[in-house]
Amino acid sequence: MAYLVLFFAAFGAATLLPLQSEAVLVALLLQAQHASFLLILVASLGNILGSCVNWYLGLRIEQFKNKKWFPISEVKMLKAEKIYQKYGFWSLLLSWTPVIGDPITLIAGLMKEKFWRFLLMVSIAKTARYIFIYLILMEIV
């Protein structure tokens with residue numbers, strides 16, 4: 001059950017939902033009832049899959065941009081595209097960061113980033129973040 005809760009917390013946190021998977025991971029690591037490696041793996045997989053949803057939404061979002069109800073202005077879309085064009089797929093290494101990480105994964109889809117490269121960069125960033133949290137926690141405890 002703990003792995004499932006962690007997976008969905010990590011998945012949701014990678015989308016545009018305001019969730020915190022780090023707190024769930026730390027709580028489970030502190031309980032020491034589950035294998036640390038599996039907790040990191042589950043959190044990483046959930047977070048990576050959530051980012052894949054963002055990429056897909058970005059890929060399909062352009063068909064809605066001229067709709068009246070569309071929440072992002074044309075100006076903001078063009079600005080985001082310019083930023084991604086400037087830094088390219090390397091910006092996906094920041095996909096783990098709060099506030100800007102999730103939009104970066106959405107913009108990657110909008111910019112039609114190759115999925116294999118998107119998946120590689122996001123996997124590195126998301127997994128490294130959870131490993132870092134684990135290492136810091138082990139130093140404290």
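A pocket is an open set of grid points with protein on both sides within 12 Å along at least five of seven lines. That term is needed for the last stop of this tour. The model on display is a predicted one.

**Stop 1: the whole chain**

Begin with the entire protein shown as a cartoon. How many helices and strands does the secondary structure comprise? There are 6 helices and 0 strands, and the pattern read along the sequence is α-α-α-α-α-α. The C-alpha trace spans about 50 × 30 × 25 Å along its principal axes.

**Stop 2: α1 and α2**

Next, select α1 (2–14) and α2 (21–31). The two helices pack with their axes 8 Å apart, at an angle of about 155°. Because an angle over 145 degrees counts as roughly antiparallel, α1 is described as roughly antiparallel to α2. The crossing of this pair is left-handed.

Now display the side chains at the contact. From α1, select Ala-2, Val-5, Leu-6, Ala-9, Ala-10 and Ala-13; from α2, select Ser-21, Val-24, Leu-25 and Leu-28. By class, the residues of this contact are 9 nonpolar and 1 polar, with no charged residue.

**Stop 3: α2 and α3**

Keep α2 selected and add helix α3, residues 36–61. The axes of α2 and α3 come within 10 Å and cross at roughly 165°. With that angle, α2 is roughly antiparallel to α3. Is the crossing of α2 and α3 left-handed or right-handed? The crossing is right-handed.

Which residues of α2 meet α3? They are Ser-21, Leu-25, Leu-28 and Leu-29, and their partners in α3 are Ser-36, Leu-39, Ile-40 and Asn-47. This contact has 5 nonpolar and 3 polar residues, and no charged ones.

**Stop 4: α3 and α5**

Retain α3, hide α2, and select α5 (101–110). The axes of α3 and α5 come within 6 Å and cross at roughly 45°. The two helices are therefore oblique to each other, and α3 passes α5 in a right-handed crossing.

To view the contact, select Ser-51, Asn-54, Trp-55, Leu-57, Gly-58, Leu-59 and Ile-61 in α3. In α5, add Asp-102, Thr-105, Leu-106, Ala-108, Gly-109 and Leu-110. Sorted by class, the contact of α3 with α5 contains 7 nonpolar, 5 polar and 1 charged residues.

**Stop 5: the second largest pocket**

Finally, turn to the second largest pocket, which has a volume of about 300 Å³. To find its centre, select Ala-13, Leu-19, Gln-20, Thr-97 and Pro-98, which are the closest to that point of the 20 lining residues. The elements that give two or more residues to the lining are α1, α2, α5 and α6 (115–140).

Which element supplies the largest share of the lining? It is α6, with 3 residues. The lining as a whole is made up of 11 nonpolar, 5 polar and 4 charged residues.

Before closing the viewer, select Ala-13 once more. Ala-13 takes part in the contact of α1 with α2, and Ala-13 is also one of the residues closest to the centre of the second largest pocket.

Technical notes:
Residues numbered from 1 in each chain as written. Predicted model: local features only at pLDDT ≥ 70, side-chain atom pairs only at ≥ 80, totals over all residues. Heavy atoms only, no water. 1 Å grid on protein atoms, 1.4 Å probe; cavity = no way out; pocket = protein on both sides within 12 Å on 5 of 7 lines; lining within 4 Å. Points joined across faces, edges and corners; volume = space filled by probe spheres on them. Helix = DSSP H or I, 4+ residues; strand = E, 2+ residues; numbered from the N terminus. Nonpolar A, V, L, I, M, F, W, Y, C, P; charged D, E, K, R; others polar. Axes fitted to C-alpha atoms, helices over the stretch in contact; angles between N-to-C directions. Parallel < 35°, antiparallel > 145°, perpendicular 65-115°, else oblique. Left-handed = near helix turned anticlockwise from the far one by under 90°. Contact = heavy atoms within 4.5 Å.
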